[in-house]
Amino acid sequence: MSLLQTLFGEATVNPFLQNLRILPVFLDIAMVICSFNLLSFLYRVIKGPAMADRAIAMDSCGVTVMSLIVIYSIRQGTSLYMSCAMVIAVLGFIGMVGLSKYIQGGNIVASGNIVLNREEAEDLQNLQDPKVTEELQKKAAEARQKAAANYIPTARHQRKNRKRHHKK
Amino acid sequence: MALFIEILISLLVFFGAIFLLGGAVGILRFPDVYCRMHALGKGTTMGIICFMLAAFIYFCWSGVGVCIMSLLALVFISVSAPIGSHMIAKAAYHYGIPLWQNSLRDDLKPDCEFISEDKADF
């Protein structure tokens with residue numbers, strides 16, 4: 001008596017699988033392990049400190065769901081579910097690419113390191129904060145010089161400059 | 001022969017689950033984003049390769065027919081999962097997530113302009 005058979009009754013009985021002895025046991029073991037994996041990935045999605053953690057955990061959730069689909073289709077005896085697995089793989093890859101682009105768009109982590117573009121280097125130099133040490137300001141000046149060397153005006157920067165010049 | 005194929009499919013399914021379990025333990029226990037990504041990239045890729053091979057052999061053996069879709073998913077996952085995890089790692093580094101405190105070397109550091117106030121332990 002396998003696990004799915006006890007849950008769903010006679011609907012999931014595959015007549016080819018009923019003659020086998022070893023494979024249903026291993027399918028049950030793999031299903032239990034995959035559910036544990038899903039729980040641990042969900043734990044990382046909830047608790048993960050950075051957004052990259054959540055992104056990779058959600059992608060691994062997709063991979064684990066793909067493996068569960070494979071187990072279920074082996075148990076059912078049809079290969080129709082494989083297209084679902086393929087769709088989940090494609091969507092997971094597209095989601096990974098989009099999330100990586102989204103993560104790269106952010107500029108400042110609140111308590112950690114700072115990635116500078118030109119405007120923020122200017123803002124940081126004009127800052128009169130005793131927390132900002134002299135070393136930090138020196139590094140900000142270096143970063144500003146380096147950014148000014150290969151500076152390409154973005155649309156946001158142009159808009160800001162126009163506002164600044166046409167205000168009065 | 002039938003017993004041999006059955007044992008082969010069972011071992012493929014079992015090792016796929018074990019690889020995924022390795023990824024799960026890695027994502028639970030490792031201290032850093034990059035270490036977790038290192039565990040997950042290998043674990044999920046190898047696990048899904050084992051599962052898809054098991055499905056392909058099973059469907060060929062049980063008379064359903066040659067399932068091209070599983071081989072297609074295998075190839076696609078084994079190409080796209082390293083690319084995706086590499087992109088996420090690069091994006092996380094550019095975002096400014098610090099490395100683990102005890103990590104030894106940082107090869108990306110001269111390429112990027114970072115100002116690190118403190119080494120926060122994520």
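In this predicted model, helix H3 of chain A (residues 51–76) and helix H2 of chain B (residues 33–61) have axes that come within 10 Å and cross at roughly 15 degrees. Angles under 35 degrees count as roughly parallel, so H3(A) runs roughly parallel to H2(B). The crossing itself is left-handed.

Who does the touching? On the H3(A) side, the contact residues include A:Ala52, A:Ile56, A:Val63, A:Met66 and A:Val70. H2(B) answers with residues among them B:Val33, B:Met37, B:Leu40, B:Ile48 and B:Phe51. A:Asp53 and B:Arg36 are also part of this contact. By class, the residues of this helix pair divide into 14 nonpolar, five polar and two charged.

Now zoom out to the whole chain pair. Here, 53 residues of chain B are in contact with 59 residues of chain A. On chain B's side, the elements giving two or more residues are helices H1 (2–29), H2 and H3 (68–95), plus strand E1 (114–116). H3(B) gives the most, with 15 residues.

Here is how the residue classes split for the helix pair and for chain B's side:

| Set of residues | Nonpolar | Polar | Charged |
|---|---|---|---|
| Contact of H3(A) with H2(B) | 14 residues | five residues | two residues |
| Side of chain B that touches chain A | 37 residues | 13 residues | three residues |

As for chain B on its own, there are three helices and one strand, and the order along the sequence is α-α-α-β. Of its 122 residues, 42% are buried. Among chain B contacts between residues at least 6 apart in sequence, 57% join residues at least 24 apart.

Notes. Residues are numbered from 1 along each chain as its sequence is written. Chains are lettered from A and ligands numbered from 1 in the order in which they are written. This is a predicted model: local features need pLDDT of at least 70, side-chain atom pairs count only at pLDDT 80 or more; totals for chains, interfaces and linings use all residues. Axes are lines fitted to C-alpha atoms, for helices over the stretch in contact, and angles run from 0 to 180 degrees between N-to-C directions. Helices (H or I, at least four residues) and strands (E, at least two) are DSSP runs, numbered from the N terminus. Angles under 35 degrees count as roughly parallel, over 145 as roughly antiparallel, 65 to 115 as roughly perpendicular and the rest as oblique. A crossing is left-handed if the near helix is turned anticlockwise from the far one by less than a right angle, and right-handed if clockwise. Two residues are in contact if their C-beta atoms, placed from the backbone, lie within 7 Å. Ala, Val, Leu, Ile, Met, Phe, Trp, Tyr, Cys and Pro count as nonpolar, Asp, Glu, Lys and Arg as charged, and the others, Gly among them, as polar. A residue is buried if 20 or more other C-beta atoms lie within 10 Å of its own, exposed if 12 or fewer, and partly exposed in between; C-beta atoms are placed from the backbone.
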